[in-house]
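Work through these exercises with the model open beside you. Try each task before you read its solution.

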Amino acid sequence: MSFVEGFAIGLGMIIFIGPVFFLLMNSSIQSGPKAGVAVALGIIVSDVVCIVLCYYGLSSFFNPEEHQFWAGVIGSAIVFGLGINYILKKGEITTDISMNSKGFQMFFLKGFSVNFFNPFVFAVWIGVFQYGKSKYPDQQLLFVFLASVLLGIFSTDLLKVFLSKKVKRFISPQRLSVFFRITGILLILFAFRLLYLVW
């Protein structure tokens, strides 16, 4: 039961459309599925770090307004920088990208940093962790619950990578350039919204 409930919660998080969604889709469309998987792994590892912080009680570090503010500032700066990057980016579509370790690490760090420095991600995980802890006081059941939530999230991220690969064949460099501009503007708006909410 804990697995089914946790997996359902993880799948349900697909409705959250934020900066990591656009980062994942754009990376997959332009640089291929390997880049998308690298971003997805960065996202899921940052989620694991959030869970570890919640488990050891370090999530209280992010509760004071000062820490939430600076986490929001860092997160909005990263998202703003990505937005500018996408606005200036050329719509070049690669048919096959050779992903070396350096390129994989770059996409991994993008996914990790954009997700980790978003204080609202911590807020969601604190809520999920507290819910799981109250419903499943047994440590093993709690572990299964949290692991299944992560599995659900990772599954939806891989689904996005797969769908972007299917969509890629219908996208021309001109359309991709327009998509990049729209994504860049949306990311900048996300950055300002994040900064406004933590101000």
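The exercises below go from the whole chain to single residues. Keep in mind that this is a predicted model.

**Exercise 1. The overall fold**

Task: State how many helices and strands the protein has, and give their pattern along the sequence.

Solution.
Step 1. Count the elements: there are 8 helices and 0 strands.
Step 2. Read along the sequence. The pattern is α-α-α-α-α-α-α-α.
Step 3. Turn to the contacts between residues at least 6 apart in sequence. Of these, 89% join residues at least 24 apart.

**Exercise 2. Surface and interior**

Task: Find what share of the residues is buried, and what share of the accessible surface belongs to carbon and sulfur atoms.

Solution.
Step 1. The protein has 199 residues, and 43% of them count as buried.
Step 2. The accessible surface comes to about 10,900 Å².
Step 3. Carbon and sulfur atoms hold 71% of that surface.

**Exercise 3. Two helices in contact**

Task: Decide how α2 and α3 are oriented to each other, and describe their contact.

Solution.
Step 1. Locate the helices. Helix α2 covers residues 19–31, and helix α3 covers residues 33–55.
Step 2. Take the axes. They come within 6 Å and cross at roughly 155°.
Step 3. Apply the cut-off: angles over 145 degrees count as roughly antiparallel. Therefore α2 is roughly antiparallel to α3.
Step 4. List the partners. From α2 come Val20, Leu23, Leu24, Ser27, Ser28 and Ser31. From α3 come Pro33, Ala35, Gly36, Val39, Ala40 and Ile43.
Step 5. Sort them by type. The contact of α2 with α3 has 8 nonpolar residues, 4 polar ones and no charged ones.

**Exercise 4. Three residues of helix α7**

Task: For Phe145, Ser148 and Ser164, say whether each is buried or exposed, and name residues that each touches. Leave out residues up to four places away in sequence.

Solution.
Step 1. Place the residues. Helix α7 spans residues 139–168 and holds Ser164. Phe145 lies in α7, and so does Ser148.
Step 2. Use the cut-off: buried means under 20% relative accessible area.
Step 3. Start with Phe145. Its relative accessibility is 0%, so Phe145 counts as buried. The residues it touches include Ser2, Glu5, Gly6 and Ile9. Val128, Tyr131, Gly132 and Tyr136 are also among the residues touched by Phe145.
Step 4. Check a distance. Phe145 and Met1 are 144 residues apart in sequence, and their C-alpha atoms are 8.6 Å apart.
Step 5. Go on to Ser148. Its relative accessible area is 1%, so Ser148 is buried. Ser148 touches Ser2, Phe3, Gly6 and Phe7. From Ser148 to Gly10 is 138 residues along the chain, but 7.2 Å between C-alpha atoms.
Step 6. Finish with Ser164. At 0% relative accessibility, Ser164 is buried too. Ser164 touches Met25, Ser28 and Ile29.
Step 7. Look for a polar partner of the Ser164 side chain. One of its polar atoms lies 2.6 Å from the backbone oxygen of Val161.

**Exercise 5. Phe108 and Ile188**

Task: Classify Phe108 and Ile188 by accessibility, then trace their contacts. Again, leave out residues up to four places away in sequence.

Solution.
Step 1. Place them. Phe108 is in helix α5, residues 101–116. Ile188 is in helix α8, residues 173–198.
Step 2. Use the cut-offs: under 20% is buried, over 50% is exposed, and partly exposed is in between.
Step 3. Phe108 has a relative accessible area of 22%, so it is partly exposed. Ile188 has 14% relative accessibility, so Ile188 counts as buried.
Step 4. List the contacts. Phe108 touches Ala38, Leu41, Gly42 and Val45. Ile188 touches Phe80, Gly83, Ile84 and Ile87.
Step 5. Set sequence beside space. Phe108 and Gly36 are 72 residues apart along the chain, with C-alpha atoms separated by 8.9 Å. Ile188 and Phe80 are 108 residues apart along the chain, with C-alpha atoms separated by 4.9 Å.

Definitions and conventions
Residues are numbered from 1 along each chain as its sequence is written. This is a predicted model: local features need pLDDT of at least 70, side-chain atom pairs count only at pLDDT 80 or more; totals for chains, interfaces and linings use all residues. Side-chain values use heavy atoms; hydrogens and water are left out. Axes are lines fitted to C-alpha atoms, for helices over the stretch in contact, and angles run from 0 to 180 degrees between N-to-C directions. Helices (H or I, at least four residues) and strands (E, at least two) are DSSP runs, numbered from the N terminus. Angles under 35 degrees count as roughly parallel, over 145 as roughly antiparallel, 65 to 115 as roughly perpendicular and the rest as oblique. Contact means heavy atoms within 4.5 Å. Ala, Val, Leu, Ile, Met, Phe, Trp, Tyr, Cys and Pro count as nonpolar, Asp, Glu, Lys and Arg as charged, and the others, Gly among them, as polar. Buried means under 20% relative accessible area, exposed over 50%, partly exposed in between (1.4 Å probe, protein chains only). Accessible areas come from the Shrake-Rupley method with a 1.4 Å probe; for residues, only the protein chains shown count as cover. A polar contact is a pair of N or O atoms within 3.5 Å; within protein, one must be able to donate a hydrogen and the other to accept it, and residues adjacent in sequence count only if both atoms are side-chain atoms.
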